[in-house]
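Notebook, salt bridges. I wanted to see which charged side chains pair up and how far each partner is buried or exposed.

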Amino acid sequence: MPPTTAAPAALHQIAVAGATGRMGQMLIEAIRASGDCQLAGAMDRPSSPAIGNDAAAFLGTASGVPVVADVRTGLARAKVLIDFTRPEGTMAHLEACRERGVQAVIGTTGFSDDQKARIADYARDIAIVMAPNMSVGVNVTLRLLEMAAKALSTGYDIEIVEAHHRHKVDAPSGTALKMGEVVAAALGRDLKDCAVYGREGVTGERDPSTIGFATIRGGDIVGDHTVLFAGTGERIEITHKSSSRATYAQGSLRAVRFLADKRNGLYDMFDVLGLR
């Protein structure tokens with residue numbers, strides 16, 4: 001009897017929102033280069049000149065997947081959506097995902113508290129990974145920040161500095177806010193009560209219980225984040241710098257794989273990476 005061969009693993013069928021943007025193209029390239037993922041849908045805004053074109057045309061190849069404006073058409077063959085767009089668009093996409101039973105990996109930032117509550121409601125019916133940063137390195141950095149904050153809980157002032165490209169529309173970045181939330185929680189505080197987002201004029205002495213934020217926007221900076229613990233006679237700086245969006249794409253594909261056996265629930269990259 002001839003030896004049997006194992007059946008090939010099923011491909012993860014992925015739709016990409018914002019397919020012609022910088023992150024969308026990086027995701028499509030990563031999906032095409034992977035051995036276990038397949039591009040199943042590509043969506044963009046109705047005004048995009050790429051509507052109707054092949055989603056992989058920018059790579060000089062053909063995927064057989066056209067860029068479409070209608071989200072339900074884009075999700076027709078997909079099992080999971082990856083979305084790095086804007087909050088309003090993501091919310092509309094999630095509604096369609098729930099209707100069709102499509103899972104979601106959400107890298108969009110800038111959600112309001114109401115929108116976050118609605119996302120949690122969607123997660124009752126579909127599985128969602130949502131994180132302000134899909135980078136594996138950033139999420140390891142978050143764990144390091146938690147450890148540092150607990151050890152440096154007294155006698156150290158905490159400031160968070162982030163820098164991004166000129167096109168980013170929200171500030172501080174979602175990653176910077178997540179860093180602040182992690183540090184505040186480790187100190188037994190609520191970031192909403194202790195964050196300082198701007199200083200100007202005569203501000204008085206620094207309140208030691210606060211966590212300060214500074215934002216830089218310019219050029220093509222992919223994403224730099226530094227958390228500074230400033231004490232008497234020393235400073236500890238924990239920094240993560242991104243030189244390419246490829247790390248976000250690879251983290252997103254890890255999130256897709258994590259969702260393969262999930263039916264519903266709201267997860268983050270700590271769940272994906274086993275950092276709980």
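I looked up D113 and K192 and found that both are exposed. Their side chains meet in a salt bridge, with N to O at 3.4 Å. I then checked where the two sit along the chain: D113 belongs to helix α4 (residues 113-122) and K192 to helix α7 (residues 191-194). They are 79 residues apart, so I noted that this pair links distant parts of the chain. I also noted that the model is a predicted one.

Next entry: D44 and R45. I found a salt bridge between their side chains, at 3.6 Å from N to O. Is D44 buried or exposed? D44 has a relative accessible area of 11%, so I wrote it down as buried, the cut-off being under 20%. R45 comes to 47% relative accessibility, and I entered R45 as partly exposed because exposed would need over 50%.

Next entry: K168 and D170. I looked for the closest N and O atoms of this salt bridge and read 3.1 Å. I listed D170 as buried because its relative accessibility is 16%.

After that I looked for partners that are shared. Which residues do such salt bridges join into one network? I wrote down E95, R98, D121, R124 and D125.

Last entry: the total. How many salt bridges does the count come to? I noted 18 salt bridges, by the rule that a side-chain nitrogen of Lys or Arg lies within 4 Å of a carboxyl oxygen of Asp or Glu. As a reminder to myself, side chains of opposite charge can pair when their charged atoms come close.

Note on methods:
Residues are numbered from 1 along each chain as its sequence is written. This is a predicted model: local features need pLDDT of at least 70, side-chain atom pairs count only at pLDDT 80 or more; totals for chains, interfaces and linings use all residues. Side-chain values use heavy atoms; hydrogens and water are left out. Buried means under 20% relative accessible area, exposed over 50%, partly exposed in between (1.4 Å probe, protein chains only). Helices (H or I, at least four residues) and strands (E, at least two) are DSSP runs, numbered from the N terminus.
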